Amino acid sequence: MQPRNMSMSGVVDLAAVKAAQEAKAKAEQTRAEAARQGGTGAVSPADLVIDVDEAGFEREVLQRSAEVPVVIDFWAEWCQPCKQLSPVLERLAVEYAGRFLLAKIDVDANQMLMQQFGVQGIPAVFAVVAGQALPLFQGTAGEEQIRGTLDQLVQVAEERFGLTGLTVDPDAQPGGTPGAGAEAPVGPYEALLNAAAQALDAGDLDGAVTAYQNVLADDPAHPEAKLGLAQAELLRRVQGMDPQKVRREAAEKPKDADAQIAAADLDLVGGHVEDAFGRLIETVQRTAGDDRDAVRLRLLELFEVVGSEDPRVIGARRALARALF
């Protein structure tokens, strides 16, 4: 069976932004607590692959997913494809050096976990990030495909949830202080990013926008700030809209750039990603001059919200290029 591509990029409404920021805050609290308890902040490479059962699932997977992405390998002794896949995952867990933790679950001994995850066949690979379960793929997969999925998982965990992973000490003894290694140096923009998170949590979108802009003024390529700013600006734009009025005007004025831009913002916040992109691409084709440029720029902003690696963004970029040239 071909692996199902993991896609965690997408629209982020107020609830999703709040959930991500709460997960990041939880991760930071976990790191601070580990530091207060005097943890060494390092784990052995052998601690990056763990066997998990139903009794230890909450502690070893759910709680630790607030510090590091946890990849779950559902396997069984009798499963021949599992014997091909599991060694690859174990080797990559060590190679990625703490950017994810591999939890191995024997389905024969843990039927309840298998049912809770909806596993239909093995091998099956899932991830848990900040307490959220995500299907990665089922069946065997080539190492290149596995690396691509893991790279995306690690990137999203860091950018969306602030999970920087575990610190690995090759000389550390196995079973030392698992999870304590998530302590990471505080970045130069941590205070501003925290301020943005608090503003979002309080519904202060103006404050969040300002905080993200302050980061980008000094570091224009900062990924978390770019994503946060795009999301906060989108949410601020739609906050006072009358959806029925916006959609009525868009239907009545197909060549009106402002009407179509407003409707596209609503489409995106509502989860209708392809509708939002399609609307603006069609408007690019119908307009010219400043109006056309305004529509194009808004489309590029919405690409930032969804994520450049999302297949819908990749397809829409091609369609935009055709519309422009």
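**Exercise 1. The surroundings of Val-70**

Task: In this predicted model, find which residues Val-70 is in contact with, leaving aside its neighbours within four places in sequence, and decide whether Val-70 is buried or exposed.

Solution: Begin with the contacts, which, once neighbours within four places in sequence are left aside, are Val-61, Arg-64, Ser-65, Leu-101, Ala-103, Phe-126, Ala-127 and Val-128. Next, place the residue in its element: Val-70 lies in strand β2. Then turn to the accessible area, where Val-70 has a relative value of 0%; because buried means under 20%, Val-70 counts as buried. Finally, consider a pair separated in sequence, for Val-70 and Gly-165 are 95 residues apart along the chain, while their C-alpha atoms are separated by 9.8 Å.

**Exercise 2. Strand β4 and its partners**

Task: Determine how many of the 6 residues of strand β4 are buried, and in which sense β4 pairs with β2 and with β5.

Solution: First, inspect the two faces of the strand: Ala-124, Phe-126 and Val-128 point one way from β4, whereas Val-125, Ala-127 and Val-129 point the other way, and all are buried. The count for β4 (residues 124-129) is therefore 6 of 6, so the strand is largely enclosed by the rest of the structure. Second, take the partner β2 (residues 70-75), which pairs with β4 in the antiparallel sense over 5 bridges, with Val-71 standing opposite Ala-127. Third, take β5 (residues 132-138), which also pairs with β4 in the antiparallel sense, over 6 bridges; here Val-125 has Phe-137 as its bridge partner. Last, look at the connection, where β4 and β5 form a hairpin with 2 residues between them, and Ala-130 in the turn has a positive phi of about 50°.

**Exercise 3. The whole sheet**

Task: Work out the order of the strands in the open sheet, and which strands stand at its edges.

Solution: The sheet has 5 strands in the order β1-β3-β2-β4-β5, and its pairing is mixed. Reading the ends of that order, β1 (49-51) and β5 each have a single partner strand and stand at the edges, so one side of each is left without a neighbour in the sheet. From one strand to the next, the twist averages 25°.

**Exercise 4. Helices α11 and α12**

Task: Establish how α11 and α12 pack, giving the angle and the distance between their axes, and which residues of α11 meet α12.

Solution: Helix α11 (residues 273-286) packs on helix α12 (residues 289-306) at an angle of about 160°, their axes being 9 Å apart. Because angles over 145 degrees count as roughly antiparallel, α11 is roughly antiparallel to α12. The crossing of α11 past α12 is left-handed. On the α11 side, Val-273, Phe-277, Leu-280, Ile-281, Thr-283 and Val-284 meet residues of α12, among them Val-295, Leu-299 and Phe-303. Sorted by class, this contact comprises 10 nonpolar, 1 polar and 3 charged residues.

**Exercise 5. A charged residue, Asp-267**

Task: Decide whether Asp-267 is buried or exposed, and name the residues with which Asp-267 is in contact, leaving aside neighbours within four places in sequence.

Solution: Asp-267 belongs to helix α10 (residues 257-269). Its relative accessible area is 4%, and Asp-267 is thus buried. With neighbours within four places in sequence set aside, Asp-267 is in contact with Arg-247, His-272, Asp-275, Ala-276 and Arg-279. For the setting of this residue, note that the protein chain holds 13 helices and 5 strands, and that 47% of its 325 residues count as buried.

Notes:
Residues are numbered from 1 along each chain as its sequence is written. This is a predicted model: local features need pLDDT of at least 70, side-chain atom pairs count only at pLDDT 80 or more; totals for chains, interfaces and linings use all residues. Side-chain values use heavy atoms; hydrogens and water are left out. Helices (H or I, at least four residues) and strands (E, at least two) are DSSP runs, numbered from the N terminus. Buried means under 20% relative accessible area, exposed over 50%, partly exposed in between (1.4 Å probe, protein chains only). Contact means heavy atoms within 4.5 Å. Axes are lines fitted to C-alpha atoms, for helices over the stretch in contact, and angles run from 0 to 180 degrees between N-to-C directions. Angles under 35 degrees count as roughly parallel, over 145 as roughly antiparallel, 65 to 115 as roughly perpendicular and the rest as oblique. A crossing is left-handed if the near helix is turned anticlockwise from the far one by less than a right angle, and right-handed if clockwise. Ala, Val, Leu, Ile, Met, Phe, Trp, Tyr, Cys and Pro count as nonpolar, Asp, Glu, Lys and Arg as charged, and the others, Gly among them, as polar. Two strands pair if DSSP finds at least two bridges between them.
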